[in-house]
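Trainee: Could you take me through one part of this model in detail? I would like to look at the largest cavity and what surrounds it.

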Amino acid sequence: MKSRFDRNTPFNNLPLLPPIFELENSPQVLKKLVTASRALASVNANMMRLPNPFMLVNTISLQEAKTSTEIENIFTTEDELYKAISDSANEDNANPATKEVLRYREAIWAGYRSIMKKNTITLKSIEKIFQIIKKTSTGIRSPQSMVVIKRGASEFRPGEIIYTPPRGKGVIEKYMKNFTEYLNDDKKYNTDPLIKMCVSHYQFEAIHPFQDGNGRAGRVLNQLYLVNKGLLSQPTLYLSKYIIVKKDEYYYNLGAVTQRGAWKEWVLFMLDAVEKTSAITNNIISEILNQMEATLKYGKAKISWYSKELNDAIFNQPYIKARIIGEITGKTSRTTITGYVKELCDAKILAPKKMGVETYYLNNDLIRILQGNN
C-alpha cells in the first residue's frame, strides 16, 4: 500500500519502517542478496591481506569522501586534496571544497570510533556525523524550517520542487526514533542486514533530518551500519563511485519508492551497488598491494637504505613530504634527507611537485590506481 504523495506538501505520511512489502519473499531480491553478500565478504577477506589495514583504509576512504561530495556538486582537485592531507597544518588553508571532502573523511572515522565503542547507532552519533560534515553545532532541523528538495541548475525545469520532507513539532524526532530502532533492534526487525541498509538509506533520505548534508551523512551511515553488523571490518566500501556513475538512476529509484512504493526496484539497485562496489574496492586493494610489493622489491634492489617501513609510508597517501622521509629513516641532516629524496626521485619511486612555496613528493603509481587510470 502506498501513501498519498504531493511533492509540494510535507510528506508527513511517510510510512514507518519496516516496509509493508515483504522484500525477502522476492526471488529476485534473494538472488541479488546472495551475490552482493558474497562480494562484500570478499572485500573483508582482501582487507586481511593488508599489513596494516588502517594504512590503506585512509586512501580508499579519501576517494569515497571525494566522490561522495561530488554527488553534491562539490568539486576539488586531486592536487588541492592531497596537498591538504600531506600536512595537517595545510587543512586550515585549504579551499572550501577540499575542506568539505576532508570533513567527510573525518566523519567516517568519528562514526567508526563511536560504533566500535558503543556497538550501536544512536541519534546522537548520527547528529555528530552531520555536525562534522557541515562544521556546525546544530542538530535536527527545526519544525518550522521550510526545507524542500529542488531540481539542480543543470537539470530540466531547474528550481522545481521535487520533494518536501516531513516537518512539524516532534515529526522528525518520531521518524528518527523509528529509524534507529529499525537499525539496532534485530529481534523486533529480523531482516538481513544488507536489506536493512538499503531500506534505511531510503528512509534517512526521505526523512531528511538535517538542513543540509543529508546525502553525505546517509552515505557515511551505510558504511558504518555494515561495520556495526560485522559485514565490513573497516569502512572501505567505495559506494559513492557507483552512485555518481548512476546518479540519475539513483534519484529515480529513490523517488519511485516515495511515489509508488517501489521497494523491490530500490533494493535491487542498492544491492547491485554493493556488489559492483565490492568488486571496485577489491580491485583497488589488490592493485595497491601488488604495486606495494613491486615497489618494495625494486626499491630494495635500487637503493641500499630502502625499507619496508618507508615503502608503507609512501603508500599511506599519494603525497609525502621530505620531513616524513627523514623521520622514517632516522636522519636529521637536511643535506642527507635531500640526498635521500633525490635518490627516490631518480629511481622514479617518487616525483617532485611544487605547490606554492612547498615541494611535495608524489607516488604516481598510487595516484594512478586511485584515479582508475590503468
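Mentor: What follows starts with the chain as a whole, then turns to the cavity, the core and one loop residue.

The model is a predicted one. Its chain has 15 helices and five strands. Of its 374 residues, 53% are buried. Among contacts with a separation of 6 or more, 70% join residues 24 or more positions apart. The accessible surface is about 17,400 Å², and carbon and sulfur atoms hold 51% of that area.

Now the cavity. The count of cavities of 30 Å³ or more comes to one. The largest cavity has a volume of about 50 Å³. Its lining consists of Phe179, Leu183, Ser200, His201, Phe204, Gly218, Leu221, Asn222 and Tyr225. Three elements give two or more residues each to this lining: α6 (171–184), α7 (193–207) and α8 (214–228). The most comes from α8, which gives four residues. Sorted by class, the lining has five nonpolar residues, four polar ones and no charged ones.

Phe179 is a lining residue of this cavity, and it also belongs to the largest nonpolar core, a set of 70 residues. Within that core, Phe179, Tyr202 and Trp266 touch the most other members. Helix α11 (residues 263–302) is the element that gives the most to this core, with 11 residues. A second core of 26 residues is separate, and its members include Ile284, Leu296, Ile337 and Cys345.

The contacts of Phe179 can be listed in full. With neighbours within four places in sequence left aside, Phe179 is in contact with Leu17, Ile126, Ser200, Gln203, Phe204, Ile207 and Leu221. Among these partners, Ser200, Phe204 and Leu221 are also named in the cavity lining.

Last, the loop residue. Ala262 sits in the loop between α10 (247–260) and α11. Ala262 counts as buried because its relative accessibility is 12%, and the cut-off for buried is under 20%. Not counting residues up to four places away in sequence, Ala262 touches Ala256 and Val257. Ala262 and Phe21 lie 241 residues apart in sequence, while their C-alpha atoms are 8.9 Å apart in space.

To return to the part you asked about: the largest cavity, of about 50 Å³, is lined by residues that include Phe179, and Phe179 is one of the three residues that touch the most other members of the 70-residue core.

Terms used: Residues numbered from 1 in each chain as written. Predicted model: local features only at pLDDT ≥ 70, side-chain atom pairs only at ≥ 80, totals over all residues. Heavy atoms only, no water. 1 Å grid on protein atoms, 1.4 Å probe; cavity = no way out; pocket = protein on both sides within 12 Å on 5 of 7 lines; lining within 4 Å. Points joined across faces, edges and corners; volume = space filled by probe spheres on them. Nonpolar A, V, L, I, M, F, W, Y, C, P; charged D, E, K, R; others polar. Core = buried A, V, L, I, M, F, W, Y, C linked by side-chain atoms within 4.5 Å. Buried < 20%, exposed > 50% of the residue type's maximum accessible area, 1.4 Å probe, protein only. Contact = heavy atoms within 4.5 Å. Areas by Shrake-Rupley, 256 points an atom, 1.4 Å probe, with all protein chains shown as cover.
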